Protein chains: 2
Amino acid sequence: MSASILDGKALAADIRRRLTETVARRVEAGLRPPSLRVILVGDDPASAIYVRNKEKAAAKVGITGDVESLAADSSAEELRQRVEAANADPGVDGLLVQLPLPEQIDPAQVRSWIDPEKDVDGLHPENVGLLASGEPRFVPCTPAGCLALLQANGIEVSGRRVLIIGRSLIVGRPLANLLSMKGVDATVTIYHSRSRDLERLGPQAEIIVAAAGQAEFLRAEHVAEGAVVVDVGIHRVDDPAAPKGYRLTGDVHPEVREKASWISPVPGGVGPMTIAMLLKNTVDAHGRRMGVDGDG
Amino acid sequence: MSASILDGKALAADIRRRLTETVARRVEAGLRPPSLRVILVGDDPASAIYVRNKEKAAAKVGITGDVESLAADSSAEELRQRVEAANADPGVDGLLVQLPLPEQIDPAQVRSWIDPEKDVDGLHPENVGLLASGEPRFVPCTPAGCLALLQANGIEVSGRRVLIIGRSLIVGRPLANLLSMKGVDATVTIYHSRSRDLERLGPQAEIIVAAAGQAEFLRAEHVAEGAVVVDVGIHRVDDPAAPKGYRLTGDVHPEVREKASWISPVPGGVGPMTIAMLLKNTVDAHGRRMGVDGDG
């Protein structure tokens with residue numbers, strides 16, 4: 001029997017529809033629309049595509065977006081000035097600096113420059129700390145998307161054994177803090193590159209979130225019959241049989257579909273949820289700045 | 001066979017000895033000694049004892065300490081003014097507000113008032129976030145003490161399965177972030193009040209840290225033969241056979257001693273380590289303010 005699909009594309013469309021209504025209501029009430037500024041350093045083609053997708057998605061729900069582009073050889077100081085200008089700009093609600101950054105710029109420093117009230121990626125130490133303290137202001141977009149995907153499909157998280165594979169700053173770590181916090185209440189294990197025994201830990205998990213950053217890392221032998229599997233990865237692998245010569249795959253091997261009860265597809269699972277949560281964080285930031293509640 | 005003892009009392013004495021030398025060296029070099037300010041609100045007798053112990057321990061290593069006492073009916077605003085005065089005082093290196101606070105004062109607010117550079121308890125959201133991001137400035141004292149106790153006894157943590165029982169802000173959550181960060185590299189599971197299956201999860205752990213806040217919560221059946229057990233709890237339980245009519249016990253049942261390979265005693269395990277780590281954080285804060293390194 002094949003797993004049911006955690007349809008991120010459909011759920012993200014629902015969320016965007018609700019956000020569109022919220023934005024329209026606020027604009028009708030006389031407020032300016034929410035705004036998102038993205039700062040892009042350098043000319044990485046993948047980053048350019050991600051930024052364009054964020055802009056397009058923002059525009060569709062009524063968020064005004066703008067992109068500031070800096071040359072690949074920009075100094076940290078030049079970037080800091082752009083970040084501070086956006087912090088000071090009352091017309092900017094949400095601000096993010098697209099990753100990865102050129103090597104002369106330390107991403108840890110950049111995270112700490114962003115006004116925590118505008119930090120829609122949720123990566124400023126203060127926002128990381130508020131989440132880890134169980135009082136989140138902005139939840140990082142991919143973890144928020146994973147949880148929403150489970151909850152919208154009626155999958156109980158409280159008291160369930162969840163294995164998170166990966167401990168990155170943008171997925172694994174904040175997801176562990178999110179899922180184990182009061183009110184969410186999962187029993188979380190964080191598996192990472194120095195961990196052992198995936199053969200032992202995997203089959204005991206009721207829910208597995210694969211964010212290993214490695215194509216088809218999670219195999220059937222790591223998964224209990226009937227487990228729920230969320231696949232955070234996206235990779236392009238050569239496939240001479242495919243029309244384009246490649247196919248997209250995730251961190252989960254296709255064979256897992258036959259064993260899991262639910263699985264998120266790649267593409268169309270976590271990816272669209274991540275963007276939807278970025279839009280939600282931006283609308284939330286706007287709401288807080290304007291003194292209206294989340295749906296107001 | 002009975003477990004070997006993780007002797008926190010002896011290790012804490014070692015750490016205090018090294019701190020005493022560091023402080024003496026700095027004073028000889030012409031610096032003022034490190035200073036710790038403790039703010040105590042109300043007249044909880046247990047808190048008064050804890051504060052006195054911290055003061056005494058600080059004085060012994062050469063840290064100057066002072067305690068500001070506020071009446072139990074003080075307002076949040078009065079406390080905030082005291083915190084801000086200490087933040088602004090260049091003679092204060094470390095600052096902490098003793099918990100618990102009277103109910104009219106929200107501890108989450110208080111944590112965010114303290115200057116993160118003076119926050120020797122490591123509970124300001126920014127410091128929580130830096131730890132959760134793998135770049136700690138101050139590690140909360142009890143988690144830091146637990147890790148030091150393992151490392152000083154040659155217990156390998158990297159790649160080992162660690163079960164943390166409890167998800168409090170001051171122990172369980174920061175300890176999970178500490179043990180799973182790069183360079184420490186444990187495979188961490190956080191078990192809490194909504195978790196199930198301690199009978200299943202406990203025996204799989206190579207190391208268990210019990211911070212459940214419940215006397216003798218961890219029983220032999222939850223522990224694998226040869227596991228390492230760290231007991232964070234301290235409770236006074238009635239015991240008519242004891243000279244004083246009570247005895248002190250931890251979150252670990254005495255029967256676990258027969259099964260574990262290592263165990264931290266109560267008292268004399270984690271407790272003294274917590275105070276030693278508070279002193280270390282204060283000396284570190286002083287070193288950073290004075291522009292000298294940790295041992296300078």
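A salt bridge is a side-chain nitrogen of Lys or Arg within 4 Å of a carboxyl oxygen of Asp or Glu. The legends below apply this term to a predicted model.

**Figure 1. A salt bridge joins A:R111 and B:E135 across the two chains.** The side chains of A:R111 and B:E135 lie 3.5 Å apart, taken from N to O. The pair counts as a salt bridge because 3.5 Å falls within the 4 Å limit. Side chains of opposite charge can pair when their charged atoms come close. Between chain A and chain B there are six salt bridges, and 25 residue pairs, both at pLDDT 80 or more, are in polar contact.

**Figure 2. Several helices and a strand of chain A build the side that touches chain B.** At least two residues each come from α4 (107-113), α5 (125-132), α7 (172-180), β6 (187-191) and α8 (198-201) of chain A. Which element gives the most to this side of chain A? It is α5(A), with six residues. Sorted by class, the side of chain A that touches chain B holds eleven nonpolar, eleven polar and 13 charged residues.

**Figure 3. Chain A and chain B bury about 3200 Å² between them.** Carbon and sulfur atoms account for 44% of this area. Of the area that chain A buries against chain B, 16% is supplied by A:R161, A:R173 and A:T187, more than by any other three residues. The contact draws 35 residues from chain A and 35 residues from chain B.

**Figure 4. A turn of 180 degrees lays chain A on chain B.** The shift along the axis is 0.0 Å, and the RMSD of the fit is 0.0 Å. This relation is therefore that of a two-fold axis. The same surface serves both copies, as 100% of the contact residues of chain A recur in chain B.

**Figure 5. Strand β6 of chain A pairs with strand β6 (residues 187-191) of chain B.** The two strands run in the antiparallel sense and are joined over three bridges. Within this pairing, B:V188 in β6(B) is the bridge partner of A:I190. Both strands belong to an open sheet of twelve strands with mixed pairing, in the order β1(A)-β11(A)-β8(A)-β7(A)-β5(A)-β6(A)-β6(B)-β5(B)-β7(B)-β8(B)-β11(B)-β1(B).

**Figure 6. The edge strands of the sheet are β1 (4-5) of chain A and β1 (4-5) of chain B.** Each of these strands pairs on one side only. In chain A, β1(A) pairs with strand β11 (residues 262-263) in the parallel sense over two bridges. Here A:I5 has A:I263 of β11(A) as its bridge partner.

**Figure 7. A salt bridge within chain B links B:R82 and B:E68.** The side chains meet at 2.5 Å, from N to O. B:R82 lies in helix α3 (residues 76-88) and B:E68 in strand β3 (residues 64-70) of chain B, 14 residues apart. The whole structure contains 40 salt bridges over all chains.

**Figure 8. Loops of both chains contain the backbone features shown here.** In chain A, a cis peptide bond with omega of about 0 degrees joins A:V266 and A:P267, and A:P267 is placed in the loop between β11 and α9 (270-290). In chain B, a cis peptide bond with omega of about -5 degrees joins B:L99 and B:P100; B:P100 is found in the loop between β4 (94-97) and α4 (107-113). What is phi of A:D185? The angle is near 75 degrees, a positive value in a residue other than glycine. A:D185 sits in the loop between α7 and β6 of chain A.

Conventions:
Residues numbered from 1 in each chain as written. Chains lettered and ligands numbered in written order. Predicted model: local features only at pLDDT ≥ 70, side-chain atom pairs only at ≥ 80, totals over all residues. Heavy atoms only, no water. Contact = heavy atoms within 4.5 Å. Buried area = accessible area lost by both parts, 1.4 Å probe. Polar contact = N/O pair within 3.5 Å; in protein donor to acceptor, adjacent residues only side chain to side chain. Helix = DSSP H or I, 4+ residues; strand = E, 2+ residues; numbered from the N terminus. Nonpolar A, V, L, I, M, F, W, Y, C, P; charged D, E, K, R; others polar. Pairing = 2+ DSSP bridges. Least-squares fit on C-alpha atoms with pLDDT ≥ 70 in both.
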